[in-house]
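Colleague: I should be grateful for a close look at one part of this model. Please explain it in connected prose, with each term defined where it is needed.

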Amino acid sequence: LYSSHHLPVTIGRSPQTAFAVDDSRVSRQHARLDWHGGVFSLVDMSINGTYVRFASTAEVVTLKRGSCTLHGEGIIGLGAAPGDPTAAVVRFSVVHYGDTQPQTDFEAG
């Protein structure tokens, strides 16, 4: 769980990354999660690419030294597409702080 205050977060094979993934297709410094302008973005810094599949669509966004905005829920494939059963994947869900607050029902009378 990462909030905008804890970003950027680096994902990679190196133990020095904030989110370490032990897979030979994952670069030492593979990708970075950023917070800019009120949105989360994923930046690919790898050789093998980063792949994003949002839960709302079957389409896979391929990042090769590029970036995309993360929204909703989905899967990030590190070094291989998320459909590859051997791929190192990270599931994500973008939630807003207001969505996590308990709601109180009341009637004014």
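**A loop and its surroundings**

Modeller: Ser56 lies in the loop between strand S5 and strand S6 (60–63); strands (E, at least two residues) and helices (H or I, at least four) are DSSP runs, numbered from the N terminus. The model is predicted, so local features need pLDDT of at least 70 and side-chain atom pairs count only at pLDDT 80 or more, whereas totals for chains, interfaces and linings use all residues. Residues are numbered from 1 along each chain as its sequence is written, and side-chain values use heavy atoms, with hydrogens and water left out.

Ser56 counts as exposed, because its relative accessibility is 67% (exposed means over 50% relative accessible area, buried under 20%, and partly exposed in between, with a 1.4 Å probe and protein chains only). From C-alpha to C-alpha, Ser56 and His71 are 9.9 Å apart in space, while 15 residues separate them in sequence.

Before the loop comes strand S5 (50–54), and Phe54 in this strand leads to the aromatic pairs. A search of the whole structure finds two such pairs (rings of Phe, Tyr and Trp, the last by its six-membered ring, pair if their centres lie within 6.5 Å; planes under 30 degrees apart count as stacked, over 60 as edge-to-face, and the rest as tilted). Phe54 and Phe92 make one of them, edge-to-face, with 5.9 Å from centre to centre and 90 degrees between the planes. This pair links distant parts of the chain, since Phe92 lies in strand S9 and is 38 residues away from Phe54. Phe54 is buried, because its relative accessibility is 8%; Phe92 is also buried, at 12%.

On the far side of S6, the loop between S6 and S7 holds Arg65. Arg65 has a positive phi of about 65 degrees although it is not a glycine, and it is exposed, with a relative accessible area of 58%.

That second loop leads to strand S7 (residues 67–70), which runs antiparallel to S4 and is joined to it by four bridges. In this pairing, Ser67 is the bridge partner of Val43. Two strands pair if DSSP finds at least two bridges between them. Five strands form an open sheet of mixed pairing, in the order S2-S1-S3-S4-S7. Its edge strands are S7 and strand S2 (19–20), each of which pairs on one side only. S2 runs parallel to S1, with two bridges between them, and Ile11 stands opposite Phe19.

Further into this sheet, strand S3 (residues 31–36) and S4 run antiparallel and are joined by six bridges; among the partners, Ala31 is matched with Asp44. The two strands form a hairpin with two residues between them, and Gly37 in the turn has a positive phi of about 60 degrees. S4 (residues 39–44) is largely enclosed by the rest of the structure, because five of its six residues are buried.

Asp34 lies in strand S3 and is buried, with a relative accessible area of 7%. A polar contact of 2.9 Å joins its side chain to that of Arg32 (a pair of N or O atoms within 3.5 Å; within protein, one must be able to donate a hydrogen and the other to accept it, and residues adjacent in sequence count only if both atoms are side-chain atoms).

Strands S5, S7 and S9 are among the elements that give two or more residues to the largest nonpolar core. Such a core is a set of buried Ala, Val, Leu, Ile, Met, Phe, Trp, Tyr and Cys residues joined through side-chain atoms within 4.5 Å. This one has 19 residues; those with the most contacts inside it are Leu33, Leu42, Val52, Leu70, Ile76 and Leu78. S9 supplies the largest share, three residues. In soluble globular proteins, nonpolar side chains tend to be buried together. Leaving aside neighbours within four places in sequence, Leu78 is in contact with residues including Ile11, Val26, Thr50 and Val90; contact means heavy atoms within 4.5 Å.

As for the whole chain, there are nine strands and zero helices. Of its 109 residues, 38% count as buried.
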